[in-house]
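Below are some comments on the model you sent, set out as numbered points. They move from the interior to the charged pairs and then to the surface.

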Amino acid sequence: MGRKVTLATCSLNQWALDFEGNLTRILKSIEIAKQKGAKYRLGPELEICGYGCADHFYESDTLLHCFQVLKSLLESPLTQDIICDVGMPVMHHNVRYNCRVIFLNKKILLIRPKMLLANYGNNREFRWFSPWSRPRHVEEYFLPRMIQDVTGQTTVPFGDGVLSTKDTCLGSEICAELWNPRSPHVDMGLDGIEIFTNSSASYHELRKADHRVNLVKSATTKSGGIYLFANQKGCDGDRLYYDGCAMIAINGDIVARGAQFSLKDVEVVSATLDLEDVRSYRGERCHPHMRIKTDFSLSDCDDRCLPTHQPVEWIFHTPEEEISLGPACWLWDYLRRSGQAGFLLPLSGGVDSSSTACIVYSMCVQICRAVKDGNSQVLEDVQRVVSDSSYRPEDPRELCGRLFTTCYMASENSSVDTRNRAKDLAAQIGSNHLNINIDMAVKGMLGIFSMVTGKWPQFRANGGSARENLALQNVQARIRMILAYLFAQLCLWAQGKPGGLLVLGSANVDESLTGYFTKYDCSSADINPIGGVSKMDLKCFLQYCVKRFQLTALISILDAPPTAELEPLTDGKIVQTDEADMGMTYSELSVIGRLRKISKCGPYSMFCKLIHSWKETFSPSQVATKVKHFFRMYSINRHKMTTVTPSYHAENYSPDDNRFDLRPFLYNTQWAWQFRCIDNEVTFFRNTGMLVL
């Protein structure tokens, strides 16, 4: 018969510049693909060096080491009798390209450069690469001598070509090309290419997985075909978590899929499919692609008894599950690759720090499950982290006690309620919990100030000015940061254990928008797993944790009003609340944040949208007040984003200044022209008496 083909794609936990580890994982994926009977293996984008090399792409060393790894792949017996499709940067005519290198039996068949680069959100590919701007054009590429010595080739095809085997034809897309309205697979399908491949480095965002799946399905719904999607997974060295989801589709149906969140470093997905199911779709033709003929067949002559894969239903994670799994996997990658011995978290008993604690507990749950399932790499890593080669984690609470230290940092302004909430949650997750009182340190700092100036500042509740009140809040917050790092460095030393702890932060995305945190306070940490998550999503996440992990201590945390607890109590009760301090609710902030970033609204256009969407709740003048207040706070505090703790990227309205949300950090905070335009609109509505429709 000779029409059934077995193909493999994969998700690999690659690490930027970890050439040794990356090579090992690539070879492992090829080995597994061959064990599954595949004759073609697809890997993630830039898998040889890792996608997150950033400005290391400028270095000649990076290109050199990529070719050295490619040489090792070509020479390996594992790569024989299977078409291997790997990703790496290649310089051609002194121009750097993001490429696929496709080879078979020590011969490079084609180098296919990326034509449509990703240059939005967290992606900056134009900074390091140029797009291949000659569709359906192929030219000669002169191989480095080290590769010539292995392949016996001097030149190989380079450009927008496709691979023609004895029984079918394959064409490549690279990551963003699938998301583009002029995706190459459209013309390739019309030209008879039957198998499309996409090597990606697609990172996790809440509620994004269905977009990716729908794009893959639609790519083959329109004109038929087989579509392979490979993706990176894990933390490769920065704020992003690549969430796998390797998949194979045929004619609009997903027939094989990998996990979105997993602690497996190598995951291979394969499927056996019938080419005749594709050919029934075809009937039109466009301009032909350059075909690279290959003396190789993906199918066998006798495949009568070979079953084909059937469509599967894709069950998507809820946002709460995504928060539980994605940041937890990111934390584990960061911890095991950092060489540290665990985490330390200032646990205040509020929603934010409790969410961070629950994510660490979820990490421990996933580690125990992976070890139980026989994941030897996870077991080896956890034994190294806890410095015990005989240790085998079975209980998440017990593991949490080894990896996780929480501390409640009380002051004279802290309530008994929050201290008890922190203690109860720590007991339920099993963390090593400390109670620390910071009053002595605060008085010592203020004593130094008083000795120099002769002044002792007072809280507003005690007759002090707004400046005094804010300074007294900030000194408490900053001392907590100093103490957090002190205990992180020496806590294990005091117990006679090796290593140090990574400090975790807990500022959410909405607080970052308005700058509602102290610069260099305990939000300043090594990493922050919730910095890209909204307050509303975090509350839903904690409700999920109550049911999923039976963490009943979270119920009282959810019922309590969010508070910084930096101002004096009244009769032992909290009077300071976050929403009162910010001048708006977290729900309102979430709406404003999405308008600012996703809808690209300035003050005036945001006002024009909100007078319609909030018309049942606020008058135009009230909307104007809220918009002005937000932009004043945002612009006054934008400088804080330049030093904010590196955070897990989860939300598409994140104000992360590193590369996702590039803005000035010194503004004219009066916004005179913009606010005048808003005032003119308010006056119009007031004078005309018109209702907002």
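1. In this predicted model, the largest nonpolar core holds 62 residues, and those with the most contacts inside it are Phe 343, Met 363 and Ile 367. Helix α10, which spans residues 351–372, supplies the largest share of this core, namely 13 residues.

2. Ile 367 deserves a look of its own: leaving out residues up to four places away in sequence, Ile 367 touches Leu 263, Trp 332, Val 378, Val 382, Pro 393, Leu 399 and Leu 403. A second core, separate from the one above, has 51 residues, including Cys 10, Ile 30, Leu 117 and Val 266.

3. The salt bridges come to 36 in total. One of them pairs Asp 265 with Arg 336, whose closest N and O atoms are 2.8 Å apart; it links distant parts of the chain, since Asp 265 sits in the loop between β14 (253–257) and β15 (266–274) while Arg 336 belongs to helix α9 (residues 319–338), 71 residues apart. Both Asp 265 and Arg 336 are buried, and salt bridges with shared partners join these two residues with Asp 333, Asp 381 and Arg 384 into one network.

4. Asp 388 and Arg 402 also form a salt bridge, with 4.0 Å between the closest N and O atoms. Asp 388 is in the loop between α11 (376–385) and α12 (396–403), and Arg 402 is in helix α12, 14 residues apart. Asp 388 counts as partly exposed because its relative accessible area is 24%, and Arg 402 is likewise partly exposed, at 35%.

5. A further salt bridge connects Glu 412 with Lys 443, the closest N and O atoms lying 3.7 Å apart. Here the loop between β18 (404–410) and α13 (416–429), where Glu 412 is found, is linked to Lys 443 in helix α14, with the two positions 31 residues apart in numbering. Lys 443 has a relative accessibility of 46% and therefore counts as partly exposed.

6. Is His 92, in strand β3 (residues 83–92), buried or exposed? His 92 is buried, because its relative accessible area is 3%. Its side chain makes a polar contact of 2.8 Å with that of Glu 139, and, neighbours within four places in sequence aside, His 92 is in contact with Tyr 97, Trp 132, Glu 139, Glu 140, Tyr 141 and Phe 158.

7. On the surface, Ile 448, Met 451 and Val 452 form a nonpolar patch with about 370 Å² of accessible area together. Val 452, which lies in helix α14 (residues 439–453), is classed as exposed because its relative accessible area is 68%.

Definitions and conventions: Residues are numbered from 1 along each chain as its sequence is written. This is a predicted model: local features need pLDDT of at least 70, side-chain atom pairs count only at pLDDT 80 or more; totals for chains, interfaces and linings use all residues. Side-chain values use heavy atoms; hydrogens and water are left out. Patches are made of residues with over 30% relative accessible area and no salt bridge: like charges are joined within 9 Å, nonpolar side chains (Val, Leu, Ile, Met, Phe, Trp, Tyr) within 5 Å. Accessible areas come from the Shrake-Rupley method with a 1.4 Å probe; for residues, only the protein chains shown count as cover. A salt bridge is a side-chain nitrogen of Lys or Arg within 4 Å of a carboxyl oxygen of Asp or Glu. Helices (H or I, at least four residues) and strands (E, at least two) are DSSP runs, numbered from the N terminus. Buried means under 20% relative accessible area, exposed over 50%, partly exposed in between (1.4 Å probe, protein chains only). A polar contact is a pair of N or O atoms within 3.5 Å; within protein, one must be able to donate a hydrogen and the other to accept it, and residues adjacent in sequence count only if both atoms are side-chain atoms. Contact means heavy atoms within 4.5 Å. A nonpolar core is a set of buried Ala, Val, Leu, Ile, Met, Phe, Trp, Tyr and Cys residues joined through side-chain atoms within 4.5 Å.
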